[in-house]
Amino acid sequence: REAGRWPAAADAYWAAIEADLHNYDAHVRYQEASRRNKVSRDDLVGDYDSFVEDFPDDVAFKLHRYRLEKTDERLDKLEALRGAHADSRDVLLEIARCRLESDQADKAVRILDPIVKKGEGGERAFLLLLEAHFAK
């Protein structure tokens, strides 16, 4: 990802996904690198629609697909998903990420703080919480 090497980064993250289809962070970084490499949103949406179709009960693939939506549309879908998966740490982290992207750092902190205090969510939760605190 360094020095504008987004194509190489996207390829590396895709290789990580091929090695472990359920590597959550690889999907997040693949999408980020692809978008910075000017891959069209529609191309990514097509890929992730296929994942959702192939794995309809996998919440993570829905989250990856929703991440490609505009923030306000994504938040509505995430909140609906939260209703069905209230205990899903990944759903909560994506809601926090979405809140942060929509300039709602205080709401992101309220979601992330208990997760981090319980020692859950790993590095992803901790980094999002730091980002939310700096955004306040």
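Me: A cavity is a set of points on a 1 Å grid over the protein atoms alone where a 1.4 Å probe fits but cannot get out. By this rule, how many cavities of 30 Å³ or more does the count come to?
Reply: Note that this is a predicted model. The largest cavity has a volume of about 30 Å³. With the limit set at 30 Å³ or more, the count comes to one.

Me: Which element gives the most to the lining of the largest cavity?
Reply: The lining residues are Leu21, His22, Tyr24, His27, Asp58, Ala60, Phe61 and His64. Two elements, H2 and H4, give two or more residues each. The top contribution is three residues, and it comes from H4.

Me: How many residues of the lining of the largest cavity are charged?
Reply: Asp, Glu, Lys and Arg count as charged. In this lining, four residues are nonpolar and three are polar. The number of charged residues is one.

Me: Phe61 also belongs to an aromatic pair with Phe55. Is this pair stacked or edge-to-face?
Reply: The whole structure holds five aromatic pairs. In the pair of Phe55 and Phe61, the ring centres are 5.1 Å apart and the planes make an angle of 25 degrees. Planes under 30 degrees apart count as stacked, over 60 as edge-to-face. At 25 degrees, the pair is therefore stacked.

Me: Is Phe61 buried or exposed?
Reply: Buried means under 20% relative accessible area, and exposed means over 50%. Its partner Phe55 has 30%, so Phe55 is partly exposed. Phe61 has a relative accessible area of 1%, so Phe61 is buried.

Me: Which residues form one aromatic cluster?
Reply: Start from the stacked pair, Phe55 and Phe61. Both belong to the cluster. The full set is Trp14, Tyr30, Tyr48, Phe51, Phe55 and Phe61.

Me: Now the nonpolar core. Which element gives the largest share of the largest nonpolar core?
Reply: This core has 26 residues, and Leu63 and Leu112 touch the most other members. Two or more residues come from each of H2, H4, H5, H6, H7 and H8. The largest share is seven residues, from H6.

Me: Which residues does Leu63 touch, not counting residues up to four places away in sequence?
Reply: Contact here means heavy atoms within 4.5 Å. Sequence neighbours up to four places away are left out. What remains is Tyr24, Leu78, Leu81, Asp90, Val91 and Glu94.

Me: How many residues make up the second, separate core?
Reply: Its members include Trp6, Ala26, Ala33 and Val45. This core is separate from the one that holds Leu63. Its residue count is 13.

Me: Turn to the pockets. Which element supplies the largest share of the lining of the largest pocket?
Reply: This pocket holds about 330 Å³ of space. Of its 13 lining residues, Val28, Arg29, Arg97, Arg124 and Leu128 lie nearest the centre. H2, H6 and H8 each supply at least two lining residues. The largest share, five residues, comes from H8.

Me: How many residues of the lining of the largest pocket are charged?
Reply: Four of the lining residues are nonpolar and one is polar. The number of charged residues is eight.

Me: Which element gives the largest share of the lining of the second largest pocket?
Reply: This pocket has about 260 Å³ of space. Its lining includes Val28, Arg29, Gln31 and Arg67. The lining divides into two nonpolar, one polar and seven charged residues. The largest share is six residues, from H2.

Note on methods. Residues numbered from 1 in each chain as written. Predicted model: local features only at pLDDT ≥ 70, side-chain atom pairs only at ≥ 80, totals over all residues. Heavy atoms only, no water. Phe/Tyr/Trp six-rings, centres within 6.5 Å; stacked < 30°, edge-to-face > 60°. Buried < 20%, exposed > 50% of the residue type's maximum accessible area, 1.4 Å probe, protein only. 1 Å grid on protein atoms, 1.4 Å probe; cavity = no way out; pocket = protein on both sides within 12 Å on 5 of 7 lines; lining within 4 Å. Points joined across faces, edges and corners; volume = space filled by probe spheres on them. Helix = DSSP H or I, 4+ residues; strand = E, 2+ residues; numbered from the N terminus. Core = buried A, V, L, I, M, F, W, Y, C linked by side-chain atoms within 4.5 Å.
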